[in-house]
Amino acid sequence: MSGTGTGEELGAQAARARALVLLRIRSRATAVALLPAALAVVLFAAGAQGFAEGSGWDAVRWAVTAGAVVVLLIAAAVAIAVVRAKPAVSPTVPLSEEAAPDLYRLVRDLAERLEVPAPSAIALTPDCDSWLEDRTHPAADRAAKEAARRDPRGPADGSGNHPGRRRRVQAAPVLVIGSPFLWWMRVAELRAVLAPVVAGTGPSAHPDIAAARRFVRGLDGAVADAAAPVHGPLRKVLRLPGRFIGRIARLLLRSCRGHAAEMERGVAAAASTRAQAVDYGLRVVAQEQVGLAYAGWDRLLTRVALPAWRMGRWPSRLDAGVVSALTELSRRDRLAEGFTTRLGERPACDLLEEPGAADEAASLLAARLFHGGPAETGPDWAPVDWQQYPEEVVDRKWRTEAARLHRVLDTMGVPHASDSAGVGVPTLARVVEHLAAGRDGGEALAAGIGAAVAREEAQAPQPVTGGAGGSGGDVLDLWGPDPLPLFPLQPPRTGTELLADHVAAMVCCAAVDTAGAAPGLDWLDGPALLVDGERRADLGSPVLSLVEDGDAEPLRSWLASVGVRSDKPVRLV
């Protein structure tokens, strides 16, 4: 224990030392702003005592006074900008104590064992991470009061305490927990993972560290406000002084960054050392589950959720889906021994009163952060259950892409087959024959597909956050007018990649319509084609041979093995 105490004390001392440096920077900036005023006072005092008389000294006195007034006005403007700035607060789902009494009890017991203050509230984030977030900045206080004014009956901060009934925001930080952890981890594992995070409330309670953090976050918010776009003639006129204030704040922030990073490292070191006495052996196992959860969550978002989001549907049970994805990953790769025994233990989501409601809220927030979807459901943005995913997402995705492929072929004048009435019908043979005719026709089709996708994305309605002119009740308010998605999952796809996706979709539609195949869901790979109830994962290579090399033989062999009739019409949306 002596070694643990020594390590914790060293980390805390390093953090406090850096905090004092940050506060000295603030004090020096204040002293520089007051220096001209002090010089003016000295000159006036000297004149009053007869030491500096004459017209020359009078001119100097008034010139220094004018300069002091200008400097004080600038300093006041910077100070007001720092105080009123809205530092970026992580978008989260508030979790009140009424909604998770067992989770709050676990966190408080953990804080008591660690002998640190308990977090003021708990919130969920749709990511595989957990941290403490300081929300005591005056801007956050104003946001909480505004939320209380709009909804005077319910808690707005997730703590179970109404902010309108308090004089000030609680000093303890908010504990943000990654929602996938609650569904994948067992209760003991979650406690072990949260131990070093909760231990961070101890250093956070130190007055110098808290003041230094508020100063740095205020500067960061002032810089962001100065760089944000403005609308309206009056605001554009005030843009120039705003940029000047932003440059001063940026200069101060640049001088603080290194010290702030060292301070946070000291806080993390102190918290980690203190938490070693709590569930240390279990924490090693829990950290392995953190890595596994991150892998499954990333795969679920990019392979399963993203196709649904692009179709205007958002899976409403992402956290439950990550359990299925990780179960499948463990089954395929045999990542963990005793897997069934572990799943028999109590999952951490049992600590919530309504796990389904929390999962749905986190799933909608994930769609907004990673894709940019609207804040509310609508005709073109509706939730989808996992049972409905194959029909409402997979089949619709395939047929939408197949329809786009044939529209581009129509604009290129590519001939197609006709039915008995002489009317052109969409067939897979039309696509295969065109791509097999030559590489130039693949390149032109890829360019057309890319242009069509770009046009549709440009015409899609853009979501607007409260900070960009909304009512102010949105969870992304404090991020201001930043464009959505805040954290895009994938870079833009090339024309060749889009073409390969569209050709594969056309093949799947033909397989469903002519060979009795069915759309399905693979938890790790997303949309899947089921033939006789089994997933066919061997379609990618034949399609690439056709798209990239113009070689249609591998695809024709694949179609023959499945029983697909490429000359038969395909139903499109």
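## Contacts and overall make-up

Among contacts between residues at least 6 apart in sequence, 79% join residues at least 24 apart. The model is a predicted one. The protein has 20 helices and nine strands. Of its 573 residues, 45% count as buried.

One pair that is distant in sequence is Glu433 and Ala552: they are 119 residues apart along the chain, and their C-alpha atoms are separated by 8.1 Å. Glu433 lies in helix H16, which covers residues 428-436. Glu433 counts as exposed because its relative accessibility is 52%, and the cut-off for that class is over 50%.

## Nonpolar cores

The largest nonpolar core contains 116 residues, and Trp309 and Val503 have the most contacts inside it. Leaving aside neighbours within four places in sequence, Trp309 is in contact with Leu301, Trp314, Pro315, Leu318, Ala366, Ala367, Phe370, His371, Trp381 and Leu489. A second core, separate from the largest one, has 24 residues, including Ala85, Ala260, Met263 and Val267.

As a general background, nonpolar side chains in soluble globular proteins tend to be buried together.

## Salt bridges around Asp395

The salt bridges of the model number 23. Two of the bridges involve Asp395, with Arg399 as one partner and Arg571 as another. In the bridge between Arg399 and Asp395, the closest N and O atoms are 3.1 Å apart. These two residues are separated by about one helical turn, because they are four residues apart in helix H15 (residues 389-411). Arg399 counts as buried because its relative accessibility is 1%. Asp395 is also buried, with a relative accessible area of 8%.

The bridge from Arg571 to Asp395 has its closest N and O atoms 3.8 Å apart. This pair links distant parts of the chain: Arg571 is in the segment after helix H20 (553-562), Asp395 is in helix H15, and the two are 176 residues apart. Arg571 has a relative accessibility of 48% and therefore counts as partly exposed. The buried Asp395 thus has a buried partner in Arg399 and a partly exposed partner in Arg571.

## Other salt bridges

Helix H15 also holds Arg407, which is 49 residues from Glu456 in helix H17 (residues 439-459). The side chains of Glu456 and Arg407 meet in a salt bridge, at 3.4 Å from N to O. The pair links distant parts of the chain. Glu456 counts as partly exposed, at 33% relative accessibility. Arg407 is likewise partly exposed, at 44%.

Elsewhere, salt bridges form a network that links Arg299, Arg303, Asp522, Asp525 and Arg535.

## Internal cavity

A search of the whole structure finds one cavity of 30 Å³ or more. The volume of the largest cavity is about 40 Å³. The residues that line the largest cavity are Tyr104, Val107, Arg108, Ala118, Pro119 and Ile122.

Helix H3 (residues 101-114) gives the most to this lining, with three residues. By class, the lining has five nonpolar residues, no polar residues and one charged residue.

## Residues with positive phi

Glu115 is not a glycine, yet its phi is positive, at about 60 degrees. Glu115 is found in the loop between H3 and strand S2 (121-125). Glu115 counts as exposed because its relative accessibility is 67%.

Asp532 also has a positive phi of about 60 degrees without being a glycine. Asp532 sits in the loop between strand S8 (526-531) and strand S9 (534-535). With a relative accessibility of 76%, Asp532 counts as exposed.

Conventions
Residues numbered from 1 in each chain as written. Predicted model: local features only at pLDDT ≥ 70, side-chain atom pairs only at ≥ 80, totals over all residues. Heavy atoms only, no water. Buried < 20%, exposed > 50% of the residue type's maximum accessible area, 1.4 Å probe, protein only. Salt bridge = Lys/Arg side-chain N within 4 Å of Asp/Glu carboxyl O. 1 Å grid on protein atoms, 1.4 Å probe; cavity = no way out; pocket = protein on both sides within 12 Å on 5 of 7 lines; lining within 4 Å. Points joined across faces, edges and corners; volume = space filled by probe spheres on them. Nonpolar A, V, L, I, M, F, W, Y, C, P; charged D, E, K, R; others polar. Core = buried A, V, L, I, M, F, W, Y, C linked by side-chain atoms within 4.5 Å. Contact = heavy atoms within 4.5 Å.
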